[in-house]
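Let's work through some exercises together. Have a look at the model first, then try each task before you read its solution.

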Amino acid sequence: MNDSPIVLRSIADTRNWSSEIRRSGTLGFVPTMGALHEGHAELMRVAARECGVVAVSIYVNPTQFGPKEDLGKYPRTFESDLELCRSVGVKAIFFPSDEIMYPHGREDFTAVEVPSLTTLFEGASRPGHFVGVATVVTKLFGIVQPDFSYFGRKDYQQWLVIKRMTEDLNLGVNLRRVDTVRESDGLAMSSRNRYLSADERASALGLSRSLKALENALATGETRVKPLEKCIMDVLGSDPGVQLDYARIVNADNLRELEVVETHIPESAVALIAARVGTTRLIDNLMLPPISGRTEIRA
Ligand code: AMP
């Protein structure tokens, strides 16, 4: 039975704890917004395998939510989050207040702006979102001072933004990407899935189904991006419960347009999907072509 993680609420306590840990070992860090699920647990397990000690942050970062987004209703489930962290052997949870993270207020803070990548896709649909993400992750790295930090491929563009920012600002944290954890029917796990009604849950499954259709089309020899993107549209367009925002196949390194998927270079492209189901915005993605012998979506 693992001990319950220590809950750290101040920056000074967190820095002291971290420097003590790093004196004799390696610290892995998993930033989250809480409402933890198996996807988060997988990040923590990978971190635990690679590092001696794992810390998690739980902070619903207000600056990455737009004015019309779900900040107020974002699920907050601290007690069950603590239990999940304990069950996978997390040693500490940084659980700050808004006053600690934004002492001069949510409008008045030094911001981190990552160029080019952030104008596309999620950045275009959610203005300001990536400034909030890049800023809070920079602050969390400065507070927790980890050796390694773990991010999910589920938020693919976020991963690229954090990678670029960490390189550009020489933050000195080693980044690791962990594959998307899915429900048994294929739906990518997300804290926002709990907003879905039963009918909406059925529609939400269209996202992973459309990626499966895409994977099948590529496996049968279609490599042109336009017909491959149509495979996604054919699945999602037929469900009135799904309002598609975007469904595109682009270069996996820089998100630029592609004509064809280079089938001899594994994971050289990525299919990115965002859609609204009811009032819930969902995203999913698939790396193309898959690493030899792998299929991501079984259902
Ligand atoms: P969030 O709490 O949504 O900000 O997510 C915290 C971290 O967990 C991010 O790095 C996400 O990409 C990652 N994550 C969320 N859902 C999944 C999933 N289904 N599989 C793997 N990682 C995930």
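**Exercise 1. Why is β2 largely enclosed by the rest of the structure?**

Before we start, two notes on the model. It is a predicted model, in which local features need pLDDT of at least 70, side-chain atom pairs count only at pLDDT 80 or more, and totals for chains, interfaces and linings use all residues. Residues are numbered from 1 along each chain as its sequence is written, and side-chain values use heavy atoms, with hydrogens and water left out.

Step 1. Settle the words. Helices (H or I, at least four residues) and strands (E, at least two) are DSSP runs, numbered from the N terminus. Buried means under 20% relative accessible area, exposed over 50%, and partly exposed in between (1.4 Å probe, protein chains only).

Step 2. Count. Six of the six residues of β2 are buried, so the strand is largely enclosed by the rest of the structure.

Step 3. Check each side. In a regular strand the side chains alternate between the two faces of the sheet. Leu27, Phe29 and Pro31 point one way from β2, Gly28, Val30 and Thr32 point the other way, and all are buried.

Step 4. Find the partner. β2 runs parallel to β3, and six bridges join them; two strands pair if DSSP finds at least two bridges between them. Leucine 27 has valine 53 in β3 as its bridge partner.

**Exercise 2. Describe the surroundings of strand β9 and what comes after it.**

Step 1. Look at the cover. β9 spans residues 280-288, and nine of its nine residues are buried. On one side these are Thr280, Leu282, Asp284, Leu286 and Leu288, and on the other Arg281, Ile283, Asn285 and Met287.

Step 2. Look at the pairing. β8 (residues 269-277) and β9 are antiparallel, with nine bridges. Methionine 287 in β9 stands opposite valine 270.

Step 3. Follow the chain through the turn. The hairpin of β8 and β9 has two residues between the strands, and glycine 278 there takes a positive phi near 60°.

Step 4. Go past the end of the strand. Proline 289 lies in the segment after β9, and the peptide bond to it from leucine 288 is cis, with omega near -20°.

**Exercise 3. Explore how the ligand is held in its surroundings.**

Step 1. List the neighbours. The ligand is surrounded by 16 residues, and the closest are His40, Gly152, Asp155, Val181 and Met189; a residue is near a molecule if one of its heavy atoms lies within 4 Å of it.

Step 2. Pick out polar contacts, meaning pairs of N or O atoms within 3.5 Å; within protein, one must be able to donate a hydrogen and the other to accept it, and residues adjacent in sequence count only if both atoms are side-chain atoms. A polar side-chain atom of aspartate 155 is 2.6 Å from a ligand oxygen atom. For histidine 40, an N or O atom in the side chain is 2.9 Å from an oxygen atom of the ligand. With methionine 33, a polar backbone atom is involved, again 2.9 Å from an oxygen atom of the ligand.

Step 3. Ask about cover. The ligand taken alone exposes 490 Å², and the protein buries 93% of that. Such areas come from the Shrake-Rupley method with a 1.4 Å probe; for residues, only the protein chains shown count as cover.

Step 4. See which elements take part. β2, α2 (38-50) and β5 (148-152) each give two or more residues to the shell, and α2 gives the largest share, three residues.

**Exercise 4. Compare alanine 35 and asparagine 170: is each one buried or exposed?**

Step 1. Place them. Alanine 35 sits in the loop between β2 and α2, while asparagine 170 is in the loop between α7 (156-168) and β6.

Step 2. Check the backbone. Alanine 35 has a positive phi of about 50° although it is not a glycine. Asparagine 170 likewise has a positive phi of about 50° without being a glycine.

Step 3. Read the accessibility. Alanine 35 is buried because its relative accessibility is 1%. Asparagine 170 counts as exposed because its value is 64%.

Terms used
Contact = heavy atoms within 4.5 Å.
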